[in-house]
Amino acid sequence: MKLNNYRMMGYAQIAIGLINLVYQNDKSGIQTKSAFAVFMGALLIFLTFVVQKKTYFENKTSAIYWSVITAIVVGVSLL
């Protein structure tokens, strides 16, 4: 996967977390779920800019790992 795809996954996680916070603000515990999504998205974006080894992001294992993390973030946010 290209580096830009990882950044888009991070932006999507942040957007889902913030949209979730706005639309489900009457539910209890939503701040924690939204903070989790925003944190994981920010972490992914941070890693794409800080990690200079592009081999980490070109590795198939890291693509699967971050795809699973993104799926977990979306699943937790929607529950």
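This section describes the fold, helix packing and residue environments of a predicted protein model.

The secondary structure of the protein chain consists of 4 helices and 0 strands, and the elements follow the pattern α-α-α-α along the sequence. Taken along the principal axes, the C-alpha atoms occupy a box of roughly 45 × 20 × 15 Å. The chain comprises 79 residues, of which 30% count as buried. Among contacts with a separation of 6 or more, 72% join residues 24 or more positions apart. The exposed area of the protein chain is about 5,100 Å², and carbon and sulfur atoms supply 69% of this area.

The packing of helices α1 and α4 was examined in detail. Two packed helices are described by the angle between their axes and the distance between the axes. Helix α1 spans residues 3–23 and helix α4 spans residues 60–78; their axes come within 10 Å and cross at roughly 10 degrees. Angles under 35 degrees count as roughly parallel, and α1 and α4 are therefore roughly parallel to each other. On the α1 side, the contact is formed by Tyr6, Met9, Gln13, Ile16 and Asn20. These residues meet Ser62, Ala63, Trp66, Ser67, Ile69, Thr70, Val73, Val74 and Ser77 in α4. By residue class, the contact of α1 with α4 divides into 8 nonpolar and 6 polar residues, with no charged residues.

Several of these positions recur in the largest nonpolar core, which has 10 residues. Its members are Tyr6, Met9, Ala37, Met40, Leu44, Phe57, Ala63, Trp66, Ile69 and Val73. Two or more residues of this core come from each of α1, α2 (30–50) and α4. Helix α4 gives the most, with 4 residues. Within the core, Leu44 touches Tyr6, Met9, Phe57 and Trp66, and its contacts also include Gly10 and Gln13, when residues up to four places away in sequence are not counted.

Another core member, Ile69, is found in helix α4. Ile69 has a relative accessible area of 15% and is therefore buried, given that the term applies under 20%. Leaving aside neighbours within four places in sequence, Ile69 is in contact with Gln13 and Met40. The C-alpha atoms of Ile69 and Asn59 are separated by 16 Å, with the two residues 10 positions apart along the chain.

A polar residue of the α1–α4 contact, Asn20, lies in helix α1. Asn20 is buried, with a relative accessible area of 6%. Apart from neighbours within four places in sequence, Asn20 is in contact with Ile30, Ser34 and Ser77. Of these partners, Ser77 belongs to the set of α4 residues that meet α1.

Exposed positions were also identified. Lys60 lies in helix α4 and has a relative accessible area of 64%, which places this residue in the exposed class. The C-alpha atoms of Lys60 and Leu44 are separated by 16 Å, and the two residues are 16 residues apart along the chain. Thr55 lies in helix α3, which covers residues 54–58. With a relative accessible area of 58%, Thr55 is likewise exposed. Thr55 and Thr70 are 15 residues apart in sequence, and their C-alpha atoms are 20 Å apart in space.

Note on methods. Residues numbered from 1 in each chain as written. Predicted model: local features only at pLDDT ≥ 70, side-chain atom pairs only at ≥ 80, totals over all residues. Heavy atoms only, no water. Axes fitted to C-alpha atoms, helices over the stretch in contact; angles between N-to-C directions. Parallel < 35°, antiparallel > 145°, perpendicular 65-115°, else oblique. Contact = heavy atoms within 4.5 Å. Nonpolar A, V, L, I, M, F, W, Y, C, P; charged D, E, K, R; others polar. Core = buried A, V, L, I, M, F, W, Y, C linked by side-chain atoms within 4.5 Å. Buried < 20%, exposed > 50% of the residue type's maximum accessible area, 1.4 Å probe, protein only. Areas by Shrake-Rupley, 256 points an atom, 1.4 Å probe, with all protein chains shown as cover.
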